Amino acid sequence: MMMIEITINGKKVQVEKGTTILEAATANRVRIPTLCHHELLEPYGACRLCLVEVVKNGWRSLATSCNYPITGPIEVETDTEKVRSARRMVLELLLSRCDTSPRLNQLAAEYGLTESRFSLNYDDCILCGQCERVCREVVGANAITFANRGVERVVVPPFGEEAEFCIGCGACVYVCPTNAIRIQEDGDEKIIDRWSRVLKLRACSECGVEFAPDFQLRYLQQKYDLAADFFDLCRDCRAMQK
Amino acid sequence: MKKIASFQELEAYCQECVAARDPQRTVITICAGTGCQAHGCTNVVAAAQQELEKQGLVDVELKATGCHGFCEQGPLMVIHPQGVLYHKVKVDDVPEVIAKTVKGGEVIDALLYALPSTKEKIALEQDVPFYKLQKRIIFGSNGLIDPTSIDDYLAIGGYRALAKALADMTPGGVVEEVKKAGLRGRGGGGFPTGRKWESTLNVAGETKYVICNADEGDPGAYMDRSLLEGNPHSVIEGMLLGAYAVGATEGYVYVRHEYPLAVANLTIAIDVARQAGLLGERILGSNFSFDIKISRGGGAFVCGESSALIASIEGQVGEPRAKHIHMAESGLWGKPTVLNNVETWANVPVIIAKGADWFRSIGTEGSPGTKIFSLVGKVNNTGLVEVPMGISLRKIIFDIGGGIPGGRAFKAVQTGGPSGGCIPEEHLDLPVDFDELSKVGSMMGSGGMIVMDDRTCMVDVAKYFVNFLKGESCGKCTTCREGIARMYEILDKITRGEGELTDLELLEELAPVIQEGSMCGLGKTAPNPVLSTLRYFRAEYLAHINDKKCPAGVCKELIRFEIDPEACTGCHKCARVCPVEAAHGKKKEAHEIDQEKCIKCGMCYEACKFDAVKII
Ligand SMILES: Cc1cc2nc3c(=O)[nH]c(=O)nc-3n(C[C@H](O)[C@H](O)[C@H](O)COP(=O)(O)O)c2cc1C
Ligand code: SF4
Ligand code: SF4
Ligand code: SF4
Ligand code: SF4
Ligand code: FES
Ligand code: FES
């Protein structure tokens, strides 16, 4: 394991080669705000909120800390005026897309931003891509993808139709920073509006309660090569049997 | 084509190719580049072939070549060995050309190019100012060779640099020579090519790749296309040298799909080079093996960006990725990779053949060599020009380009493609190279050069480029996606007369965040058109904002057309061209424009011969 000495906000710290600046900062209790980052997902570098100043070989520049692997001695500054004003502008740009997200509003307030000078172009999704990545990298369902370029960019099910591979696991709902994706149960159906996905729930063969999307259970059964009747019972009934 | 198995055999075969070309023999070259094809050169070539047979001139050779650069004047025909240049040649002209010039050595006055200023006719290609002031070390061969003939390329010294490198130079030696030559990448950033190669050479790895970036997404620029179409072997030879230098065994040419002729000619060239043993296993009997594949691009501007290009070759979405780890270590399929532009590759054989010192004697200290520019816009001689670095903008635009049409005033030149900057008259004597252009807030980019006259509105120009970039941003990062869209919104507001002074502050606050905060070069350079026009033409922005006027008379919301009754002769021309019957009046009496109806198309303004229509 190769260790490298860097400085974060003037303090010398030792980090393992290949660690990202964000990881190094977090480990040393320096907070850097993020919107598109999640420990379980590959760094993506899209929201640009985690910008910090990096001094390398005498060169000072802004860089996103979430996807910057440390390979040599550098100085990092996470809260200079330059960093703050860049983050403020990033937030102002995002706020003009989406002004309803509590998380965004709280961050904006931290940076002294009360409102955006840009006209509101409402779309509650800020294109952080966490839903797409969690679905692809963690769940493996590949139910949703990015489409279009520039401001036209959107996350959608393939061809904009119902996300036919979506198993209704709700991982995307969980990671979304703006609550743009909502999941609800209605009778024997589980519905994810954003992906136009309606999933029939399977009823427990014992008590009859609809407990999980049938499609999801078949997906898991196949993926982990489980017995055909593995998911016939709901959690409660299964616990009773044991 | 039979296989050439050794350096000696190559030398012998080259000699044969040279000997087969009697310098005294009559050769007609006709440009068959894309520009001249649009002007109808294909029929001219066919007619010339027929006519030569008909008039029994079996000895005369006819060559359809790549672009000569003087595209505005096409179809072009040059009769060697004299070098007589005919322009705008039509099928009907062909019998006379063959009978008089080819047979009789007589020059046909009517087909000669005339200087726009003095109308003086010029007979020889080399005397036309457009060519005379250029230094065409990369592009000049285009006019001499048939791109589908490897013999033609061998006859002008082709593949000798490869033989020289394989026989006498180590890979490190080739890298050293390119480093010494100071060659900088012609694809935009101007990164030192030798240094790039050195990092890849120094990385250990069985498999390494070289890639030729022929995506050429810059609208209006077509030098890479013309090189691939007209002289594909020079690019192949460059890639061979690069591959030998860094230890690569495979190469890719990433060509945009709108370039069918470039793909066709390159495919032929690769096939023939392979048959000749210049590509494939143990090239020319050496230990060096290398082959090239063509990869066809999807056609998005951002696919020219290196990480997006690699993703695209790998079959993934062509979107940029963070490049904290260099391609020299992990590029295509995670292997060490060198990526260079078409023109960069085409410079390499020349450097190896003639040496770094010779190359350094051309151009400037910081930017040696030449650069091909695509000269377009409000300039008389639009086309491709290859000039030594360090030449002034004034020389390019006025001496080579022949100045501004209609004797109008020069206003600005935009260099560097959509994300370049606009340079005003006060900097016309600027020596053009990588560093000087960035000093004045523009850049070299791939070499697009758009000349603008006094009828160009600089706010409108900035809006135009920002609109292009807005559509081409991949949309991955916030600063680029949202920032460019907001810049466009503000500029649009200003051109509609709804701008406020705070808008300029907002633009200037946004720009650095987009530049420093975006992931790839697209976002990082996108604010250039706005910043450079704000820097040099701020008064024009202020006129739009404070006076609600567009001084250049372009922004529709801020102008109106009126007819000066004193100047109007009542010729009725304006009324005839007006698409909505807004211009009206009785014959021989002063006309008027109904402002309610007028859609401000400007057709009356263009049509009036008496300058009676005014833009207010
Ligand atoms: C948005 C964008 C588009 C680009 N398009 C091209 C292109 O069409 N052709 C090209 O050679 N380089 C293009 N580049 C530059 C390449 O990324 C890369 O720097 C270049 O091909 C390297 O070759 P060079 O060192 O020979 O210039 C582009 C860069 C960006 C950021
Ligand atoms: S709920 Fe559907 S779209 Fe969301 S992560 Fe799960 S499978 Fe993917
Ligand atoms: S829906 Fe939510 S998680 Fe998905 S890209 Fe938009 S903001 Fe991110
Ligand atoms: S800068 Fe623009 S084009 Fe480049 S990655 Fe970001 S959004 Fe995409
Ligand atoms: S500007 Fe166009 S619409 Fe208006 S009067 Fe002239 S020709 Fe007619
Ligand atoms: S968290 Fe780093 S760019 Fe989004
Ligand atoms: S295409 Fe003929 S000169 Fe350019």
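B:Lys88 sits in the loop between β4 and α4 (94-104) of chain B. What catches the eye there is the backbone: B:Lys88 has a positive phi of about 45 degrees although it is not a glycine. Keep in mind that this is a predicted model. Below are some other spots to look at, starting with the loops of chain B and ending with the ligands of chain A.

**Cis prolines in chain B**

- Going from B:Gly74 to B:Pro75, you'll find a cis peptide bond, with omega near -5 degrees.
- To spot B:Pro75, look in the loop between β2 (61-65) and β3 (77-80) of chain B.
- There's another cis bond from B:His80 to B:Pro81, and here omega is near 5 degrees.
- B:Pro81 belongs to the loop between β3 and β4 (84-86) of chain B.

**Helix α11 of chain B and its partner α8**

- Helix α8 (residues 171-181) and helix α11 (residues 232-246), both of chain B, cross at roughly 120 degrees, and their axes come within 7 Å.
- That angle is why α8(B) counts as oblique to α11(B).
- As for handedness, α8(B) and α11(B) make a left-handed crossing.
- On the α8(B) side, the residues that meet the other helix are B:Pro171, B:Val174 and B:Val175, while α11(B) brings in B:Leu241, B:Tyr244 and B:Ala245.
- Sorted by class, that contact between α8(B) and α11(B) has six nonpolar residues, with no polar and no charged ones.

**Helix α11 of chain B and its partner α9**

- Helix α9 (residues 193-202) of chain B also packs with α11(B), at an angle of about 45 degrees and with the axes 8 Å apart.
- So α9(B) and α11(B) are oblique to each other too.
- From α9(B), the contact takes B:Trp197, B:Thr200 and B:Leu201; from α11(B) come B:Leu241, B:Gly242, B:Ala245 and B:Val246.
- The class split for α9(B) with α11(B) is five nonpolar, two polar and no charged residues.
- If B:Leu241 and B:Ala245 look familiar, that's because they turn up in the α8(B) contact and in the α9(B) contact.

**The sheet in chain A**

- Chain A has an open sheet of five strands with mixed pairing, in the order β2-β1-β5-β3-β4.
- At the edges are β2 (11-16) and β4 (59-64) of chain A, each of which pairs on one side only.
- On average, neighbouring strands of this sheet are turned by 35 degrees against each other, direction ignored.
- Strand β1 (residues 3-8) of chain A runs antiparallel to its partner β2(A), and six bridges join the pair.
- For one residue to follow by eye, take A:Met3, whose bridge partner in β2(A) is A:Glu16.
- Helix α2 (residues 81-95) of chain A lies across β3 (51-56), β4 and β5 (75-77) of that chain, at about 145 degrees to β3(A).

**Around the ligands in chain A**

- Residues around ligand 2 include A:Cys135, A:Cys166, A:Cys169 and A:Cys172, along with A:Ile192 and A:Trp195.
- The shell of ligand 2 comes out as ten nonpolar, two polar and no charged residues.
- Ligand 3 is surrounded by residues including A:Cys125, A:Cys128, A:Cys131 and A:Cys176, plus A:Pro177 and A:Thr178.
- The shell of ligand 3 likewise splits into ten nonpolar, two polar and no charged residues.

Note on methods
Residues numbered from 1 in each chain as written. Chains lettered and ligands numbered in written order. Predicted model: local features only at pLDDT ≥ 70, side-chain atom pairs only at ≥ 80, totals over all residues. Heavy atoms only, no water. Axes fitted to C-alpha atoms, helices over the stretch in contact; angles between N-to-C directions. Helix = DSSP H or I, 4+ residues; strand = E, 2+ residues; numbered from the N terminus. Parallel < 35°, antiparallel > 145°, perpendicular 65-115°, else oblique. Left-handed = near helix turned anticlockwise from the far one by under 90°. Contact = heavy atoms within 4.5 Å. Nonpolar A, V, L, I, M, F, W, Y, C, P; charged D, E, K, R; others polar. Near = heavy atom within 4 Å. Pairing = 2+ DSSP bridges.
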